[in-house]
Amino acid sequence: MTDVLFPILSRERPEAEGVVATWFVTDGQVVTAGQLLAEIQVDKASQEVPAPVDGVVHILAREGEVVPQGSAIARIG
Amino acid sequence: MTITEVRSERLTTSRAMVQAIDLAMERDERVIYLGEDVGMYGGIFSSTTGLLDKYGPSRVLDTPISESAFIGLAIGAATEGMRPIAELMFSDFMGVCLDQIYNHMAKIGFESGGNVKVPMVLTMAVGGGYSDGAQHSQCLWGTFAHLPGMKVVVPSNPYDAKGLMTAAIRDDNPVVYMFHKGVMGLPWMAKNPRSVADVPAEAYEVPIGKANLAREGTDVTVVTISLSVHHCLDVAEALAPQGISVEVIDLRSLVPLDRHAILQSVAKTRRLVVVDEDYQSFGMSGEVAATITDADPSLLTAPVVRVGNPDVPVPYAHALEYAILPRPDRIEAAIRMVVGA
Amino acid sequence: MSTTTSPPVASTSTLPAELRVSLYETMVLSRTFEEAILREYHADKGPGFDIGKGLIPGEMHLSAGQEPVAAGVCAHLTTADAVTATHRPHHFAIAHGVDLRRMTAEIFGRVDGLGKGRGGHMHLFDPDTHFSCSGIIAEGYPPALGMAFAFQRQGSNSIAVAVTGEGAANQGAFHESLNLAALWKLPVVFVVEDNDWGISVPRRASTSVGNNADRAVANGMPGVRVEDNDVEAVWEAARTAVQRARAGEGPSLIEVHTLRMWGHFEGDAQGYRPELAEVAAHDPIPAYASKLIAAGNLDAAAVERIRASASERVEDAVAFAKASPVPDPATAHDYVFNERSTR
């Protein structure tokens, strides 16, 4: 199993939290490495999250749920 | 035998719009995109994300704050064989450049008896709901639709956003393409889940001038456009188990207007609600109502109910803004009133 | 690029005889045309003056006195260059080579007109010569930028000439256009016809600066002012500007102090114009004829021949227009949108 981590967007505030703004895949979907999984947002910055590996994605964080930077938002196995 | 894989992917409305532009730019070097902050910034509502990286500054051009000059530039270039897309950052800014739009872009084809064409797209962000105030929250499609000589398309979802953009670029007439900020699926604005959907990977057109029957129903026809489509579908879903069957028509285009679709639906349901986030008087909702009364008022068994922004500038305070927007509560109340439930 | 306004440009060296005669012929053709339109326009407006009546209804803005600007500039152009003109377009259309018959038919609102009767005298579009004009003050400048932009992209040598009056230099689109053309180094020549009058308002009552050539410099390009409505001085200023544009060095502006001999529009009594009685004495065309005769480039017989030839062309165009059918009312909705080309 490989963790998909919420990117660190704010280095000045490592404790900053953000949200998964949009999931582009659904729980249980087969994904390929590099495929766009989600778009996340911290303060005014947003970033794309690509799949690090091939596999089946298991979603951990819901859209709009507040999560700390660096936490696992999904797993691929 | 080769089986062609039809790929699709889940995209936000903004990514779908960008994909259509990308495919068109790849195919035809005459297509360029110009406007304010469309380069490195990617458009302030993500209308051009990634295009500068791919096509460079000679095809994705940041302009000065000179709408008359750069929209006029797009017009002149279009008359000389290019196929430019010019972005007016907010429809609210039409005031500073309206002459180039309605007296030039929209009239050159006509005044020249068809001898000169203006194959350009004029994109613009529209709509409110995030407290941007009276000068940055308007829709104004009624105003653009009112002025002859330009087509007007208003996609509500990713599939239509891509298909209408492709059709708009390929059209030899000027097309105004209005994208509601609330349907773009932006990470920094509250969004309806319908802003993200599956979209075919290849280039395809959604025909300009054809409405979409977004939901079939029998008790009332709700004709609407843009973000309001999402609200109407949400309300229709909630009312279905309560025995009210709502038919929702997403107009998708205002010019040309699919009057046939409106008539056909009302002939079936005999009741009409129009939901329109533009100012109510002298605009789209009146035009939809007149479509019925021009043809056959006896189709209606109840007065048309219009749910729109009242003739009031959009207020800044959240509670005030949400009191004037055509939100689900007002849409539901209108449906209940017209069906007598 | 200069940082101060260039001194007023006057004609210094002698142009070749053939060129001089050609410039004279262009001006005579243009004036002859305007005189014919004047005649036709007023022929059937009475009793009194009903603007909507007659074979040429509507507004009419004639260019008598301003021929030197058109002739001097357009001598450097081919029909592959674009010209965007104003509500007073005929002299530029003629100097640029727009088809005289189809232009006249359009002014008469006939089916064989450039716009099939849809545009009229202020909205003449001729794609064969890249000529267009607009009735909205200053708004012909922005599309000229786009034509120049497209020519640049297409790798052609063509340029765009954009024409306004001095009143337009106080409109937003004028300044936006100068800035953007300079910023993007577009091959444009901006022409300002300063005929002293914005309808009834003299320049000193509308314009905060002494001349608009200074505004060009303020917007990042060279600007020159030709003071004396002299076709050869215009020609020389235009040569520099056109060469600069074709060489990829960017836009420039030429302001010409010219003369509006007649009213702003036909029917304009010009009660506001104190110098009206002296206007005819400053007619540039007889003055140029005198100059050429004195230099031996023309004689009285040649002047008469040129005049007769112009008259013949113009009357042919008027006859063509009158013979062309009036558009069928059933076609009034046509051309709002135009067919897609198949691709």
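Visitor: How many residues do chain B and chain C each give to their contact?

Guide: Chain B gives 35 residues and chain C gives 34. Keep in mind that this is a predicted model.

Visitor: Which elements of chain B give two or more residues to the side that touches chain C?

Guide: They are α3 (67–79), α4 (98–105) and α5 (108–111) of chain B. The largest share, ten residues, comes from α3(B).

Visitor: What classes of residue make up that side of chain B?

Guide: There are twelve nonpolar, 16 polar and seven charged residues on the side of chain B that touches chain C.

Visitor: And how many residues do chain A and chain B give to their contact?

Guide: Seven come from chain A and six from chain B. On the chain A side, β2 (17–23) and β4 (36–42) are the elements that give two or more residues. By class, that side of chain A has three nonpolar, three polar and one charged residues.

Visitor: Let's stay with chain A. How many helices and strands are in chain A?

Guide: Chain A has zero helices and eight strands. Along the sequence, the pattern reads β-β-β-β-β-β-β-β.

Visitor: What does the radius of gyration say about chain A?

Guide: Compare it with the value for a compact globule. For 77 residues that would be near 11 Å, and chain A has 12 Å, which agrees. The C-alpha atoms of chain A fill a box of roughly 35 × 20 × 15 Å along the principal axes. Of the 77 residues, 26% count as buried.

Visitor: Which share of the contacts in chain A joins residues at least 24 apart?

Guide: Take the contacts between residues at least 6 apart in sequence. Of these, 54% join residues at least 24 apart.

Visitor: Now a strand. How should I read its two faces?

Guide: Start with the general idea. In a regular strand, side chains alternate between the two faces of the sheet. Now take β11 (residues 246–250) of chain B. Five of its five residues are buried. V246(B), V248(B) and D250(B) lie on one side, and E247(B) and I249(B) on the other. Both faces are covered.

Visitor: Which strands are joined to β11(B) by bridges?

Guide: One is β9 (residues 212–215) of chain B, joined by three bridges and running antiparallel to β11(B). Here N212(B) stands opposite D250(B). Another is β10 (residues 220–224) of chain B, joined by five bridges and running parallel to β11(B). In that pairing, T221(B) stands opposite E247(B).

Visitor: Which helix forms a β-α-β unit with β10(B) and β11(B)?

Guide: That is α8 (residues 227–239) of chain B, and the unit is right-handed.

Visitor: How do I read a helix like that?

Guide: An α-helix has 3.6 residues a turn, so residues three or four places apart point the same way. Now the case here. The 13 residues of α8(B) reach 19 Å from first C-alpha to last, close to the 18 Å expected.

Visitor: Why is α8(B) called largely enclosed?

Guide: Ten of its 13 residues are buried, so the rest of the structure largely encloses α8(B). Among the buried ones are L227(B), H230(B), L233(B) and L239(B). The buried residues of α8(B) pack against β7 (175–180), β9, β10, β11, β13 (272–279) and α12 (328–339) of chain B.

Visitor: How many residues of α2 (residues 67–74) of chain C are buried?

Guide: Eight of the eight are buried, so α2(C) is also largely enclosed by the rest of the structure. They include E67(C), P68(C), G72(C) and C74(C).

Conventions:
Residues numbered from 1 in each chain as written. Chains lettered and ligands numbered in written order. Predicted model: local features only at pLDDT ≥ 70, side-chain atom pairs only at ≥ 80, totals over all residues. Buried ≥ 20, exposed ≤ 12 C-beta atoms within 10 Å, placed from the backbone. Helix = DSSP H or I, 4+ residues; strand = E, 2+ residues; numbered from the N terminus. Pairing = 2+ DSSP bridges. Right-handed = clockwise from strand over helix to strand, strands pointing away. Rg over C-alpha atoms; globule rule 2.2 N^0.38 Å. Contact = placed C-beta atoms within 7 Å. Expected span 1.5 Å × (residues − 1). Nonpolar A, V, L, I, M, F, W, Y, C, P; charged D, E, K, R; others polar.
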